[in-house]
Amino acid sequence: ERLERMFRQMSERIEAQITKLHQSDIYRREAISNVSHDLRTPLAALQGYLETLLMKEEVLSPEERREYLSTATRHSQRLGNMVTELFQLARLESGTLELRLEHFSLAELVQDVTMQFELAAQKKGVQLETDLDHERPFILGDIGLIERAMENLIDNALRHTSEGGRVTVALMPGTERATVRIADSGCGIGAEELPHVFDRYYRAPREAGQEPSSGAGLGLAITRRIMELHGGTIEAHSAPGEGATFTFSLPIALLP
């Protein structure tokens, strides 16, 4: 009986490993398929516009040539953004990335990153605000990665907020953890979509007039991984028509 139990447990472990490998292979195939499709679309568009420029160079007006070049440049930038996201996520998940740890003021970082998006918000007609507590918590972390995570969240909020809307970035210090909340007044996220917003390659259905993403659908997955590497957490709350709120928290560091 004891021998039978041992063999059964061994069989269950082997079966679990086979299932895990099978799921990993399925994920790998899906990832390759998604990446191939996402890269092929802007690459084909870029090639098409450049070929048109070459074939019709003599008959195109200067304005038409500028328009073709401008469109080709946008597709080139989109392609570059996708490759950058893929490279960043691969590094973050490799397990070999060394964090460049330093003490920094989270409040100052919130202000600096928000300022980077002020012009984009003005052009879109969206009010971008900060709500900072009088306390200035310090964090021990890789400031470059935390900055990238905040950029992803604010960019995501602006893309999903229409003209006349509002995006608020708030910092709420606690006794042990500091919390940053990015809230928008956009179209919101449905209950069936919300559990998947941090999944790799996931893109929520786009509303009419909403800006398309220029990346590979990895921005929020990258943000979650950055938080995990810093002992932090991130969560999303939303409802259709009520905007979305992304909240992350990080451990407060004691200054030496």
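1. Twelve buried residues line up along helix 5 of this predicted model. They are Leu145, Ile146, Arg148, Ala149, Met150, Asn152, Leu153, Ile154, Asn156, Ala157, Leu158 and Arg159. The helix has 17 residues, and with 12 of them buried it is mostly covered. Note that the list includes Arg148, Asn152, Asn156 and Arg159 as well as residues such as Leu145 and Ile146.

2. The length of helix 5 can be checked by simple arithmetic. Helix 5 covers residues 143-159, and at 1.5 Å a residue its 17 residues should span 24 Å. The C-alpha atoms at its two ends are 24 Å apart, so the expected span and the model agree. At the start of this helix, a side-chain oxygen of Asp142 comes to within 3.1 Å of the backbone nitrogen of Gly144.

3. Next, the sheet. How many strands form it, and in what order? There are five, arranged as 2-4-5-7-6 in an open sheet with mixed pairing. Strand 2 (127-132) and strand 6 (233-238) are the edge strands, since each has a pairing partner on one side only. On average, neighbouring strands are turned by 15° against each other, with direction ignored.

4. The mixed pairing can be followed strand by strand. Strand 2 and strand 4 run parallel and are joined by six bridges; in one of these pairings, Glu129 has Thr168 of strand 4 as its bridge partner. Strand 4 and strand 5 run antiparallel, with seven bridges between them. Here Leu171 is matched with Val180 in strand 5. The connection from strand 4 to strand 5 is a hairpin of three residues.

5. At the other edge, strand 6 pairs with strand 7 (residues 244-251) in the antiparallel sense, over six bridges. Ser238 has Ala244 of strand 7 as its bridge partner.

6. Two helices that pack on the sheet deserve a look. Helix 3 (residues 106-116) touches strand 2, strand 4 (166-173) and strand 5 (177-184), and its direction makes about 175° with that of strand 2. Helix 6 (residues 219-229) touches strand 6 and strand 7, and its direction makes about 140° with that of strand 6.

7. Is Pro137 buried or exposed? Pro137 has a relative accessible area of 7%, and a residue under 20% counts as buried, so Pro137 is buried. This residue sits in the loop between strand 2 and strand 3 (138-142). Leaving out residues up to four places away in sequence, Pro137 touches Phe104, Ser105, Leu106, Ala107, Leu171, Pro173, Ala178 and Ile252. One of these, Leu106, is 31 residues from Pro137 in sequence, yet the two C-alpha atoms are 6.1 Å apart in space.

8. Thr52 makes a second case to work through. Thr52 lies in helix 1, which covers residues 2-55. Its relative accessibility is 17%, and because the limit for buried is under 20%, Thr52 counts as buried. Which residues does Thr52 touch, not counting those up to four places away in sequence? They are Glu57, Leu60 and Tyr68. Thr52 and Arg65 are 13 residues apart in sequence, and their C-alpha atoms are 9.6 Å apart.

Notes
Residues numbered from 1 in each chain as written. Predicted model: local features only at pLDDT ≥ 70, side-chain atom pairs only at ≥ 80, totals over all residues. Heavy atoms only, no water. Helix = DSSP H or I, 4+ residues; strand = E, 2+ residues; numbered from the N terminus. Buried < 20%, exposed > 50% of the residue type's maximum accessible area, 1.4 Å probe, protein only. Contact = heavy atoms within 4.5 Å. Expected span 1.5 Å × (residues − 1). Polar contact = N/O pair within 3.5 Å; in protein donor to acceptor, adjacent residues only side chain to side chain. Pairing = 2+ DSSP bridges. Axes fitted to C-alpha atoms, helices over the stretch in contact; angles between N-to-C directions.
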